[in-house]
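Visitor: I am new to this structure, and I would like to take a close look at a single part of it. Could you please guide me through the nonpolar patch on its surface, and then through what lies behind that patch?

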Amino acid sequence: MRFTILAFIMILGAALSRLIPHPPNFAPIAAMALVGGVYLDKRFALIVPLAAMMISDWFLGFHSLMPFVYASFVLTGLIGLWVARRKSAVTVVGASIVSSLLFFIVTNGGVWILSTSLYPKTVDGFVGCYIAAIPFFRNSLIGDLLYTVILFGLFEGVRRVIVRRQPVGEMMKR
(Lines give C-alpha, C1' and ligand atoms only; values in the text may rest on other atoms or scores of the structure.)
Protein backbone atom coordinates (compact mmCIF):
# COMPACT_ATOMS: atom_id res chain seq x y z
CA MET A 1 0.00 0.00 0.00
CA ARG A 2 2.85 2.40 0.84
CA PHE A 3 4.37 1.96 -2.61
CA THR A 4 1.05 2.57 -4.33
CA ILE A 5 0.47 5.85 -2.51
CA LEU A 6 4.07 6.97 -2.98
CA ALA A 7 3.99 6.10 -6.68
CA PHE A 8 0.72 7.99 -7.09
CA ILE A 9 2.16 11.08 -5.38
CA MET A 10 5.29 10.92 -7.55
CA ILE A 11 3.23 10.59 -10.74
CA LEU A 12 1.04 13.56 -9.88
CA GLY A 13 3.99 15.67 -8.79
CA ALA A 14 5.97 14.95 -11.94
CA ALA A 15 2.96 15.49 -14.21
CA LEU A 16 2.12 18.80 -12.54
CA SER A 17 5.75 19.93 -12.78
CA ARG A 18 5.55 19.64 -16.57
CA LEU A 19 2.35 21.69 -16.69
CA ILE A 20 3.69 24.73 -14.85
CA PRO A 21 5.97 27.14 -16.74
CA HIS A 22 9.60 25.99 -16.76
CA PRO A 23 12.64 26.24 -19.03
CA PRO A 24 12.72 23.67 -21.86
CA ASN A 25 13.87 20.22 -20.68
CA PHE A 26 14.05 21.39 -17.04
CA ALA A 27 11.66 18.89 -15.46
CA PRO A 28 12.00 16.18 -12.80
CA ILE A 29 10.96 13.20 -14.94
CA ALA A 30 14.44 11.67 -15.30
CA ALA A 31 15.09 12.17 -11.59
CA MET A 32 11.74 10.52 -10.84
CA ALA A 33 12.73 7.58 -13.02
CA LEU A 34 16.03 7.21 -11.14
CA VAL A 35 14.40 7.58 -7.73
CA GLY A 36 11.66 5.18 -8.73
CA GLY A 37 14.23 2.58 -9.74
CA VAL A 38 16.05 2.91 -6.44
CA TYR A 39 13.24 3.28 -3.89
CA LEU A 40 10.03 1.93 -5.38
CA ASP A 41 8.93 -1.62 -5.85
CA LYS A 42 10.09 -2.85 -9.26
CA ARG A 43 6.50 -2.91 -10.48
CA PHE A 44 6.28 0.86 -10.07
CA ALA A 45 9.82 1.84 -11.02
CA LEU A 46 9.10 2.07 -14.75
CA ILE A 47 5.44 3.01 -14.47
CA VAL A 48 6.01 6.25 -12.53
CA PRO A 49 7.81 8.26 -15.24
CA LEU A 50 5.65 6.86 -18.05
CA ALA A 51 2.40 7.60 -16.24
CA ALA A 52 3.59 11.13 -15.39
CA MET A 53 4.49 11.71 -19.04
CA MET A 54 1.18 10.33 -20.33
CA ILE A 55 -0.89 12.44 -17.94
CA SER A 56 1.00 15.65 -18.72
CA ASP A 57 1.14 14.88 -22.46
CA TRP A 58 -2.63 14.54 -22.39
CA PHE A 59 -2.73 18.27 -21.58
CA LEU A 60 0.39 19.39 -23.48
CA GLY A 61 -0.27 17.36 -26.61
CA PHE A 62 1.08 14.14 -27.99
CA HIS A 63 3.85 14.26 -30.59
CA SER A 64 5.83 12.02 -32.90
CA LEU A 65 8.91 11.89 -30.63
CA MET A 66 7.02 10.31 -27.75
CA PRO A 67 8.38 6.77 -28.34
CA PHE A 68 11.94 8.12 -28.10
CA VAL A 69 11.20 10.26 -25.04
CA TYR A 70 9.36 7.47 -23.24
CA ALA A 71 12.07 4.94 -24.14
CA SER A 72 14.74 7.18 -22.65
CA PHE A 73 12.82 7.34 -19.37
CA VAL A 74 12.34 3.56 -19.30
CA LEU A 75 16.11 3.21 -19.74
CA THR A 76 16.64 5.74 -16.95
CA GLY A 77 14.34 3.68 -14.69
CA LEU A 78 16.47 0.62 -15.49
CA ILE A 79 19.56 2.61 -14.54
CA GLY A 80 17.78 3.38 -11.25
CA LEU A 81 17.26 -0.34 -10.65
CA TRP A 82 21.00 -0.82 -11.18
CA VAL A 83 21.82 2.10 -8.82
CA ALA A 84 19.62 0.55 -6.10
CA ARG A 85 22.21 -2.20 -5.61
CA ARG A 86 25.15 0.25 -5.64
CA LYS A 87 23.70 3.34 -4.01
CA SER A 88 26.24 6.02 -3.14
CA ALA A 89 26.56 9.74 -3.83
CA VAL A 90 28.94 9.00 -6.72
CA THR A 91 26.67 6.43 -8.39
CA VAL A 92 23.59 8.62 -7.97
CA VAL A 93 25.25 11.70 -9.50
CA GLY A 94 26.88 9.57 -12.20
CA ALA A 95 23.54 7.94 -13.02
CA SER A 96 21.93 11.37 -13.28
CA ILE A 97 24.58 12.51 -15.76
CA VAL A 98 24.29 9.27 -17.76
CA SER A 99 20.49 9.69 -17.80
CA SER A 100 20.83 13.21 -19.19
CA LEU A 101 23.23 11.99 -21.88
CA LEU A 102 20.92 9.09 -22.67
CA PHE A 103 17.94 11.41 -23.07
CA PHE A 104 20.00 13.71 -25.31
CA ILE A 105 21.23 10.86 -27.52
CA VAL A 106 17.93 8.97 -27.81
CA THR A 107 15.59 11.93 -28.34
CA ASN A 108 17.82 13.81 -30.76
CA GLY A 109 18.40 10.61 -32.66
CA GLY A 110 14.61 10.48 -32.91
CA VAL A 111 14.49 14.06 -34.17
CA TRP A 112 17.01 13.22 -36.89
CA ILE A 113 15.26 9.95 -37.84
CA LEU A 114 11.77 11.47 -38.01
CA SER A 115 12.72 14.82 -39.52
CA THR A 116 11.68 15.07 -43.14
CA SER A 117 12.96 18.56 -43.90
CA LEU A 118 14.81 19.92 -40.87
CA TYR A 119 17.90 17.69 -41.01
CA PRO A 120 19.06 15.81 -44.11
CA LYS A 121 19.73 12.10 -43.77
CA THR A 122 23.48 12.63 -44.02
CA VAL A 123 26.36 12.73 -41.58
CA ASP A 124 26.20 16.53 -41.72
CA GLY A 125 22.48 16.46 -40.95
CA PHE A 126 23.05 14.04 -38.08
CA VAL A 127 25.81 16.17 -36.57
CA GLY A 128 23.80 19.36 -37.16
CA CYS A 129 20.84 17.88 -35.29
CA TYR A 130 22.93 17.16 -32.23
CA ILE A 131 24.72 20.52 -32.34
CA ALA A 132 21.38 22.35 -32.49
CA ALA A 133 20.25 20.46 -29.39
CA ILE A 134 23.20 21.40 -27.16
CA PRO A 135 21.40 24.35 -25.47
CA PHE A 136 18.59 21.98 -24.48
CA PHE A 137 21.10 19.48 -23.10
CA ARG A 138 22.42 22.09 -20.69
CA ASN A 139 18.91 22.52 -19.23
CA SER A 140 18.40 18.75 -19.03
CA LEU A 141 21.70 18.20 -17.27
CA ILE A 142 21.20 21.00 -14.74
CA GLY A 143 17.56 20.07 -14.10
CA ASP A 144 18.29 16.35 -13.80
CA LEU A 145 21.15 16.94 -11.36
CA LEU A 146 19.15 19.41 -9.28
CA TYR A 147 16.01 17.28 -9.09
CA THR A 148 18.05 14.13 -8.47
CA VAL A 149 19.84 15.70 -5.51
CA ILE A 150 16.55 17.05 -4.11
CA LEU A 151 14.59 13.81 -4.54
CA PHE A 152 17.33 11.50 -3.30
CA GLY A 153 17.88 13.85 -0.36
CA LEU A 154 14.18 13.78 0.49
CA PHE A 155 13.94 10.00 0.21
CA GLU A 156 17.06 9.42 2.29
CA GLY A 157 15.96 11.99 4.87
CA VAL A 158 12.52 10.43 5.23
CA ARG A 159 14.03 6.95 5.37
CA ARG A 160 16.36 7.98 8.21
CA VAL A 161 13.54 9.62 10.16
CA ILE A 162 11.44 6.47 9.84
CA VAL A 163 14.35 4.26 10.92
CA ARG A 164 14.98 6.47 14.00
CA ARG A 165 11.31 6.24 15.05
CA GLN A 166 11.23 2.45 15.00
CA PRO A 167 11.64 0.62 18.29
CA VAL A 168 15.16 -0.71 18.88
CA GLY A 169 14.00 -4.32 18.35
CA GLU A 170 12.60 -3.42 14.91
CA MET A 171 15.84 -1.74 13.84
CA MET A 172 17.82 -4.84 14.85
CA LYS A 173 15.73 -6.97 12.47
CA ARG A 174 16.91 -4.95 9.46
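Guide: A patch, as the word is used here, is made of residues with over 30% relative accessible area and no salt bridge, and nonpolar side chains are joined into one patch when they lie within 5 Å. Please keep in mind that this is a predicted model.

With that in hand, we can turn to the surface, where Ile5, Phe8, Ile9, Leu12, Leu16, Leu19, Ile55, Trp58, Phe59, Leu60 and Phe62 make a nonpolar patch of about 1200 Å². Two elements give two or more residues to this patch, namely helix 1, which covers residues 2–19, and helix 4, which covers residues 47–60. Helix 1 supplies the largest share, with six residues.

One residue from each of these helices deserves a slower look. Phenylalanine 8 belongs to helix 1, and because exposed means over 50% relative accessible area, its value of 52% places phenylalanine 8 in the exposed class. Isoleucine 55, for its part, is found in helix 4, and with a relative accessible area of 34% isoleucine 55 counts as partly exposed. If we set aside residues within four places in sequence, isoleucine 55 is in contact with Ile11 and Ala15. Glycine 36 stands 19 residues away from isoleucine 55 along the chain, and the C-alpha atoms of the two are separated by 17 Å.

From the patch we may now pass to the interior. In soluble globular proteins, nonpolar side chains tend to be buried together. The largest nonpolar core of this model has 31 residues, of which Met10, Ile29, Val35, Val48, Phe73 and Phe152 touch the most other members. Two or more residues each are given to this core by helix 1, helix 2 (29–39), helix 4, helix 5 (66–84), helix 6 (89–114) and helix 8 (134–165), and the largest share, eight residues, comes from helix 2. Helix 1 and helix 4 are therefore named both among the elements of the patch and among those of the core, where buried means under 20% relative accessible area.

Valine 48, one of the core residues just named, is in contact with Ala7, Met10, Ile11 and Leu40, again leaving aside neighbours within four places in sequence. A further buried residue is serine 72, whose relative accessible area is 1% and whose place is in helix 5. Not counting residues up to four places away in sequence, serine 72 touches Leu102, Phe103, Val106 and Thr107.

Technical notes. Residues numbered from 1 in each chain as written. Predicted model: local features only at pLDDT ≥ 70, side-chain atom pairs only at ≥ 80, totals over all residues. Heavy atoms only, no water. Patch = residues over 30% accessible without salt bridge, like charges linked within 9 Å, V, L, I, M, F, W, Y side chains within 5 Å. Areas by Shrake-Rupley, 256 points an atom, 1.4 Å probe, with all protein chains shown as cover. Salt bridge = Lys/Arg side-chain N within 4 Å of Asp/Glu carboxyl O. Helix = DSSP H or I, 4+ residues; strand = E, 2+ residues; numbered from the N terminus. Buried < 20%, exposed > 50% of the residue type's maximum accessible area, 1.4 Å probe, protein only. Core = buried A, V, L, I, M, F, W, Y, C linked by side-chain atoms within 4.5 Å. Contact = heavy atoms within 4.5 Å.
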